[in-house]
Amino acid sequence: MKDIQGALSQFLDQVQRRNPGEPEFHQAVKEVLESLRPVLSARPEFIEEGILDRLVEPERQVIFRVPWVDDQGRVRVNRGYRIQFNSAIGPYKGGLRFHPSVNLGILKFLAFEQIFKNSLTSLPMGGGKGGADFDPKGKSDGEVMRFCQSFMTELARHIGADTDVPAGDIGVGAREIGFLFGQYKRLRNEFTGVLTGKNLGWGGSLIRPEATGYGAVYFAQEMLATRDSSLEGTRCVISGSGNVAQFTAEKLLDLGAVPVSFSDSDGTIYDAEGITREKLEFVKTLKNVKRGRIREYADKFSAEFRADATPWAIPCDCVFPSATQNELDEDDARTLLDGGCRVVSEGANMPCTPEAVDLFVKKGILYGPGKAANAGGVSTSGLEMSQNSMRMSWSREEVDGRLREIMTNIHRNCHETAETYGAPGNYVIGANIAGFVKVAEAMRDQGVV
Ligand code: NDP
């Protein structure tokens, strides 16, 4: 296969034609395929044997009706999904997202990314993702419970501890996982590790809530170490104020860094004096218990609130995008670079647009793509599955130690792979190639399935 470039662009055209109206999925496929060029040149069998053709086609996609009754007694209907994308190296694994923006293309992009992320963790997990266009914001606990029960009534047929093990994502936290697990147990009459992110008292793992945020900080630490630098004393911008954002801030504080922002879909708070542990506890209660808005932080601590704004205009050393996809574009990237930013570690999935990524890579700053930098969450889900299978619980130190080690290994793997393929320091190429090769080889071993 001499003309790899021609073959790839033809292939991408075909992906777009076969999956109309799914721009986020096209974006994720393009990013991965373009960085695979060096490995596809060296190993043309991956194209010739149809590995790529199979890789971009989900093994199974389930779309279903989710009817439920609101507090006023009205019948409401949402759309539920589960994408079982690739099981070459293990049972499907990936979160559930409840957000009004959820559609097939967004979940396919997330499930596709998950294939390579899970491969990088070195744990036996395939790629999947699911969710619904349900908005938990403003719903009562009773409404959320009834929705989750209806959602699981259909999903239960398609998942299982050895088949597909969902977890949380945007809009799905401990409360939702509890309701989903309760309904699965009731339908199946079995207590198994069918979901991760469970509460501690009934099969959850210590450190799972913290893992994605902690992992993104560990990844930044590893990147900085390659330049004999550290996070200590750095000013760090964080977007979002949910699970990933909160525990990113917590680990940054542990390491002597200074988090200065949070955001939500209403705007950004900027605390120039730094977000302390006490202020972070306020945010946790505000978001996880009271389910309030981030602007209340500004009222409480006399920080600045920027309505409808993202945090990218705040001068900083490091940035941890931790809200959602495509939240940081090329102009934002330029503003960040002008403000002194030299590290980007993605807690969210695909938060930077391709143009922003290109600029970070071109400028040679430390840029850690989500599929590597935020893999701590799914890694610790993998550790939760192991503990469930063994019917044991590990200590906080044990799980955190394993998480730390996994993040170090992911970093090393990405760094070395990038060097091997002639792109030193390019974590996009390193993560995509390292994640892909393991899955592609497993697919070859298992024949045309
Ligand atoms: P949460 O629901 O806990 O928090 C999401 C945060 O992002 C909220 O502050 C939310 O604000 C904000 N947000 C979401 N959508 C938008 C939007 N369209 N515009 C502006 N702000 C938005 O989710 P998580 O913290 O779990 O997830 C955040 C990101 O991290 C996602 O990209 C997710 O895929 C990724 N991720 C999560 C993992 C996990 O373990 N939870 C693992 C790996 C990646 P608001 O409340 O106003 O909507």
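In this predicted model, a polar side-chain atom of Asn349 lies 2.8 Å from an oxygen atom of the ligand. The protein buries 83% of the 890 Å² that the ligand exposes when taken alone. Helix H9 (208-225), helix H10 (243-254) and strand S8 (261-264) are the elements that give two or more residues to the shell around the ligand.

**Ligand surroundings**

- Arg293 places a polar side-chain atom 2.5 Å from an oxygen atom of the ligand.
- Ser241 approaches through its backbone, with an N or O atom 2.9 Å from a ligand oxygen atom.
- There are 25 residues around the ligand, and those that come nearest are Lys137, Asp169, Thr212, Ser265 and Arg293. Arg293 thus appears both in this group and among the residues with a polar side-chain atom at a stated distance from a ligand oxygen.
- Sorted by class, the shell comprises 14 polar, seven charged and four nonpolar residues.

**The three-stranded sheet**

- Strand S8, which contributes to the ligand shell, also belongs to an open sheet of three strands in the order S8-S9-S10, paired in the antiparallel sense.
- S8 and strand S10 (304-307) each have a single partner strand and stand at the edges, so one side of each has no neighbour in the sheet.
- On average, neighbouring strands of this sheet are turned by 15° against each other, with direction ignored.
- Strand S9 (residues 267-270) is joined to S10 by four bridges, and the two strands run antiparallel.
- Within this pairing, Tyr270 has Glu304 of S10 as its bridge partner.

**The S1-S2 hairpin**

- Ten bridges connect strand S1 (residues 60-69) with strand S2 (residues 75-86), again in the antiparallel sense.
- Val62 is matched with Arg82, its bridge partner in S2.
- Five residues lie between the two strands of the hairpin, and Gly73 takes a positive phi near 85°.
- As a general point, side chains in a regular strand alternate between the two faces of the sheet.

**Overall fold**

- The protein chain contains 18 helices and 13 strands.
- The radius of gyration of the protein chain is 21 Å, which agrees with the value near 22 Å for a compact globule, because that is the value for a chain with 449 residues.
- Along the principal axes, the C-alpha atoms of the protein chain fill a box of roughly 60 × 55 × 45 Å.

Notes. Residues are numbered from 1 along each chain as its sequence is written. This is a predicted model: local features need pLDDT of at least 70, side-chain atom pairs count only at pLDDT 80 or more; totals for chains, interfaces and linings use all residues. Side-chain values use heavy atoms; hydrogens and water are left out. A residue is near a molecule or strand if one of its heavy atoms lies within 4 Å of it. A polar contact is a pair of N or O atoms within 3.5 Å; within protein, one must be able to donate a hydrogen and the other to accept it, and residues adjacent in sequence count only if both atoms are side-chain atoms. Accessible areas come from the Shrake-Rupley method with a 1.4 Å probe; for residues, only the protein chains shown count as cover. Ala, Val, Leu, Ile, Met, Phe, Trp, Tyr, Cys and Pro count as nonpolar, Asp, Glu, Lys and Arg as charged, and the others, Gly among them, as polar. Two strands pair if DSSP finds at least two bridges between them. Axes are lines fitted to C-alpha atoms, for helices over the stretch in contact, and angles run from 0 to 180 degrees between N-to-C directions. The radius of gyration is taken over C-alpha atoms; the globule rule is 2.2 Å times the number of residues to the power 0.38.
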